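Okay, thanks for coming, everyone. I'll walk you through a structure that is new to most of you, so please have a look at it first.

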Amino acid sequence: GHQVSLELIFRVSHADIDDVAPVTSRAGGTLLTPGVNIYLTPQNRLMLNYDIWRGAGSSADARSFKAMVQLGF
């Protein structure tokens, strides 16, 4: 049978958005995404990610958990 495999991931994204009046809420920031891919078979996986948004300047920070499934058939 197939053995379950784990793959650790880490992604970093950054946006630097110009602050143009009257829209001042889009200041950009940095997105950090640690996660794990759990391969149930070579083509099927469960992806678990935790997004950490660090807003630039005084813009808000946010966090979210995501679970996704990839099925190959």
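Before we start, one term: two strands count as paired if DSSP finds at least two bridges between them. With that in hand, take strand β2, residues 29-41, and its neighbour β3: they pair in the antiparallel sense over 10 bridges. And please keep in mind that this is a predicted model.

Right, so let's step back to the whole thing. How many helices and strands are there in the protein? Zero helices and four strands. Reading from the N terminus, you simply get β-β-β-β.

Those four strands form an open sheet, in the order β1-β2-β3-β4, and the pairing is antiparallel. The edges are β1, which is 5-15, and β4, and each of these pairs on one side only. If you ignore direction, neighbouring strands in this sheet are turned by 15° against each other on average. As a bit of background, strands of a sheet pair through backbone hydrogen bonds, either parallel or antiparallel.

Let's go through the pairs. β1 and β2 run antiparallel and are joined by 11 bridges. If you want a place to put your finger, L6 has I38 in β2 as its bridge partner.

Next come β2 and β3. They make a hairpin with two residues between the strands. Here L32 is matched with I52 in β3 as its bridge partner.

Then there's β3 and β4, again antiparallel, with nine bridges joining them. W53 has A62 in β4 as its bridge partner. This hairpin has six residues between the strands, and in it G57 takes a positive phi near 60°.

While we're in that loop, look at S58, which sits between β3 (44-55) and β4. Is S58 buried or exposed? S58 has a relative accessible area of 80%, so S58 is exposed. The C-alpha atoms of S58 and A27 are separated by 8.2 Å, although the two are 31 residues apart along the chain.

Now for a residue at the other end of that scale. N37 lies in strand β2. Why do we call N37 buried? Because the relative accessible area of N37 is 6%, and buried means under 20%. Leaving aside neighbours within four places in sequence, N37 is in contact with S5, L6, E7 and I9, and also with R45, L46 and M47.

Okay, charges. How many salt bridges does a search of the whole structure find? One. The partners are D51 and K66, and their closest N and O atoms are 2.7 Å apart. D51 is in strand β3 and K66 is in strand β4, so the pair ties together parts that are 15 residues apart in sequence. The two ends are covered to differing degrees: D51 is buried, with a relative accessible area of 11%, while K66 counts as partly exposed at 33% relative accessibility.

Let's move to the end of the chain. After β4, which covers 62-70, there's a segment that holds F73. F73 has 94% relative accessibility, so it counts as exposed. Together with V69 and L71, F73 makes a nonpolar surface patch of about 440 Å².

To finish, some overall numbers. The protein has 73 residues, and buried ones make up 21% of them. Its accessible surface comes to about 5500 Å², and 59% of that belongs to carbon and sulfur atoms. As for contacts, if you take those between residues at least 6 apart in sequence, 38% join residues at least 24 apart.

So, what should you take home? Four strands in an open antiparallel sheet, ordered β1-β2-β3-β4, one salt bridge in the whole structure, and a nonpolar surface patch made by V69, L71 and F73. That's it from me, thanks for listening.

Note on methods: Residues are numbered from 1 along each chain as its sequence is written. This is a predicted model: local features need pLDDT of at least 70, side-chain atom pairs count only at pLDDT 80 or more; totals for chains, interfaces and linings use all residues. Side-chain values use heavy atoms; hydrogens and water are left out. Patches are made of residues with over 30% relative accessible area and no salt bridge: like charges are joined within 9 Å, nonpolar side chains (Val, Leu, Ile, Met, Phe, Trp, Tyr) within 5 Å. Accessible areas come from the Shrake-Rupley method with a 1.4 Å probe; for residues, only the protein chains shown count as cover. A salt bridge is a side-chain nitrogen of Lys or Arg within 4 Å of a carboxyl oxygen of Asp or Glu. Buried means under 20% relative accessible area, exposed over 50%, partly exposed in between (1.4 Å probe, protein chains only). Contact means heavy atoms within 4.5 Å. Axes are lines fitted to C-alpha atoms, for helices over the stretch in contact, and angles run from 0 to 180 degrees between N-to-C directions.
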